[in-house]
Each structure stands twice: as structure tokens, then as C-alpha cells.
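Biologist: I am new to reading protein models, and I would like a close look at a single part of this one. Could you walk me through it slowly?

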Amino acid sequence: MVKQVSAEEFHEKVVSHYTDVIGEKLGGKVLSFSDEWFAAAENLIKPKAPIRDATKFVFAGAWYDGWETRRHNTEEYDWVTFRMGVSSAKLIGCEVDTAFFNGNHAPHISVDASIGEDGEWVEIIPKMECGPSQKHFFIRDEITKDAYTNIRLKMYPDGGIARFRLYGEVIPILPNDSNTIIDLASAINGGVATSFSDQHFGSADNLLLPGRGHDMSDGWETKRSRAPGHVDWAIIRLGHSAIIGKISIDTAHYRGNFPQFIKVEAIKSDVDPSFDDSNWEVIVDKSKTGPDAEHDYPVSNANTFTHVKLVMIPDGGVKRLRCWGKCSN
């Protein structure tokens, strides 16, 4: 069963525990579509919020920052297929945003998933009603038992959707050799940003993306603090419990707003811990950072950890966090 919920409930139950597995910033791609006459299907998975310029017109008509098909579809629905940016994932829910589509929005949607491009389509979100120019949040009662690789978004019968987010539990391909060093914080390997103090200019989940990004928009950046003793923090659940040998902090593109210092703590926990849990252990003590550079900090603590907490002192921006280590039980 699937139900529609509020933004607050969706964030609490889905965004804080799972990953958007088809987002462009994680490597998700549009493979095919039935139609994109008015606006391109690739806009659905763009990372930035949709915008509107009512004065802008193109060959097809009014410009829209989303996916929009022709009127009078003779088929039951229009569709777009995607390849996830991760190896595979079990799926829990989705966000459908019809921002600025008013009078031309999609009246209903549904979502199918498959294993491989030629696999059988399985309905994971049934046909659900959508309204004009608003976000819609749909959650399954339980996560899918199977892990999928490909997605099909259906729009009944035609119209426009600005953005589409699909959340799930990443199933990483982990090395067979337990001594292999990998980045256990990476979203590709199942890392999830579970909580944070602030993300005014850039979201904490950007810390876990592949690559070094393209500008300050795809990192984690907080507001300027004014209070003495202020710190900002983000907690990351690793993709697998691990013995961590090195932490890498990348401040790429943060040239005048990098944190003056960072500190990293770690914990082993069966649940996502709070910021002030008494069991956090310091694995990288207060250390200086610099602008637009990768910083490596060796870790000598040989304990097994499931979560790390990056602390910025006092605030600023970090592009990527890497937790290099070996999978451990």
C-alpha cells in the first residue's frame, strides 16, 4: 500500500534514511521517453529547484523547467525511463513536484521498476493523483524486497512535471577481499547523511557524491555563525560498518568560506545516533583546513564504526567527505 504524506513526514521517514537513487548528481540518467515536445525529460532529475520565467518562449511554446509533453495523448500515459546512478536499490517512496505547471500539470502518476533494461516492469507506486504547482510525497508501507536498477515514471494522460525524486536503500557492490580500502561514506557505497545542524546554502548529502563537483552549489555549506563557540555538524551513516584508516576533507571551490577547522568523530550504533550521544569517539582531532584543496587526516583508532560526524568549526563549506577503510563486522 502507498499513501501520500506531508513534506515533514516524508523528510523524517524517507529523506533522512534513504538516498535519491535517480538524481543527476548521483549519476542517474534518462534512457528514453514517449514525448518531450514542450520541455525535456532530463530536467526531471536536475538537482536544483525548478524556476519559472513567464517571459521566455522557445520554438515549441512557453519555456518550462521540467518535463512537458504534447496535449491530447492518444495513449493511456506518457512515460520516461531512467537508469539509477547506483548499482541497485530497494525502493521506499518518491517526490513528484509539479512546480509552475498549472493548467498543464500531470493529473496522475505511477512508478514502475525493473532489474536491467530488459527486465519485467513491476509497479512500486500505483496510480496517484497530482495537483497543480505543488510537491507530492508518496511512501510505501514497506521497502521493496527486490533491488532494482531501472525506473519508469508514467504520467496520465499527458502534461508536465518539474522534478522527480525516488528514494531507496542503496545495495552497493562491496569488495570480496575484506582488506580492500574503499570510501564507506560514498552514496554509491550506501552512505547516507542522516542529520545535520544546518544546510542553508548546500545540502549535507552532497558530501557523499562522487567527484569534486563543479562549483559551490554541490557541496555542504551552512550559514555564517555569530555566536561564540558555534559549530556546525553532519552525521553520516556508512554503507557498511568499517575500520577507518583515513578521512579526506575536500574544500574544492570554497575559497573564502571554508571552515577554519574540522573535527571528526565516529560511533558504532544499531540506530542513527544523535549529535550529543555520549559514545562518540574522536578519530580526527581539531585540525586546520584551507581553501579549495583536499585534506587527508590519518586515523589510528582501530575500532569498528557505523557512523561518522563531521564538525565544522565554526561554520563554512565542505565539498566532499571520504571515509577510507575496510569493511568490518
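What follows is a walk around strand 24, with the whole chain as the starting point and a few neighbouring regions after it.

Biologist: Which strands are joined by bridges to strand 24, and is strand 24 enclosed or open to the outside?

Modeller: Happy to! Please keep in mind that this is a predicted model. Let us begin with the whole chain, then move in.

The chain holds one helix and 24 strands. Its radius of gyration is 21 Å, close to the 20 Å that the globule rule gives for 329 residues, so the chain is as compact as a globular protein of that length. If you lay the C-alpha trace along its principal axes, it spans about 65 × 45 × 30 Å. Of the 329 residues, 52% count as buried. Now think about which residues touch each other. Among contacts with a separation of 6 or more, 79% are between residues 24 or more positions apart. You will see that kind of pairing in the strands we visit next.

Now to your strand. Strand 24 covers residues 320-327, and six of its eight residues are buried, so this strand is largely enclosed by the rest of the structure. A short partner is strand 15, made of residues 182-183; two bridges join it to strand 24, and the two run antiparallel. Within that pairing, Asp183 stands opposite Trp324. Another partner is strand 18, which covers residues 232-250. Eight bridges join strand 18 to strand 24, and these two strands also run antiparallel. Here Lys246 has Trp324 as its bridge partner. So keep your eye on Trp324: it stands opposite Asp183, and it is also the bridge partner of Lys246. As background, strands of a sheet pair through backbone hydrogen bonds, either parallel or antiparallel.

From strand 18 we can step to some residues that touch this region. Val284 sits in strand 20, residues 281-288. With a relative accessible area of 4%, Val284 is buried, because buried means under 20%. Leaving aside neighbours within four places in sequence, Val284 is in contact with Ile247, Ile262, Lys263, Val264, Tyr297 and Val299. Look also at Glu265: this residue and Val284 are 19 residues apart along the chain, and their C-alpha atoms are separated by 6.7 Å.

Asn303 gives you a contrasting case. You will find Asn303 in the loop between strand 21 (294-298) and strand 22 (304-313). Its relative accessibility is 38%, and Asn303 counts as partly exposed. Once neighbours within four places in sequence are left aside, Asn303 is in contact with Ala242, Ile243 and Glu281. Asn303 and Ile267 are 36 residues apart in sequence, yet 9.1 Å apart in space, C-alpha to C-alpha.

A few backbone details deserve a look as well. Most residues other than glycine have a negative phi, and most peptide bonds are trans. After strand 18, in the loop that leads to strand 19 (261-267), comes His253. The phi of His253 is near 75°, a positive value in a residue other than glycine. Phe100 also has a phi near 75°; this residue is in the loop between strand 8 (89-97) and strand 9 (108-114). At 36% relative accessibility, Phe100 counts as partly exposed.

Then there are the cis peptide bonds. One joins Ile313 and Pro314, with omega about -5°, and Pro314 lies in the loop between strand 22 and strand 23 (317-318). Another joins Tyr156 and Pro157, with omega about -15°. Pro157 is in the loop between strand 12 (150-156) and strand 13 (160-161).

To finish, compare your strand with an open sheet elsewhere in the chain. Five strands form that sheet in the order 1-11-8-14-2, with antiparallel pairing. Strand 1 (2-5) and strand 2 (19-20) stand at the edges, each with a single partner strand, so one side of each is left without a neighbour in the sheet. Strand 2 is joined by two bridges to strand 14 (residues 163-170), and Asp20 has Tyr167 as its bridge partner there.

So, back to your question: strand 24 is largely enclosed, because six of its eight residues are buried. Strand 15 is joined to it by two bridges, and strand 18 by eight.

Terms used: Residues are numbered from 1 along each chain as its sequence is written. This is a predicted model: local features need pLDDT of at least 70, side-chain atom pairs count only at pLDDT 80 or more; totals for chains, interfaces and linings use all residues. Side-chain values use heavy atoms; hydrogens and water are left out. Helices (H or I, at least four residues) and strands (E, at least two) are DSSP runs, numbered from the N terminus. The radius of gyration is taken over C-alpha atoms; the globule rule is 2.2 Å times the number of residues to the power 0.38. Buried means under 20% relative accessible area, exposed over 50%, partly exposed in between (1.4 Å probe, protein chains only). Contact means heavy atoms within 4.5 Å. Two strands pair if DSSP finds at least two bridges between them.
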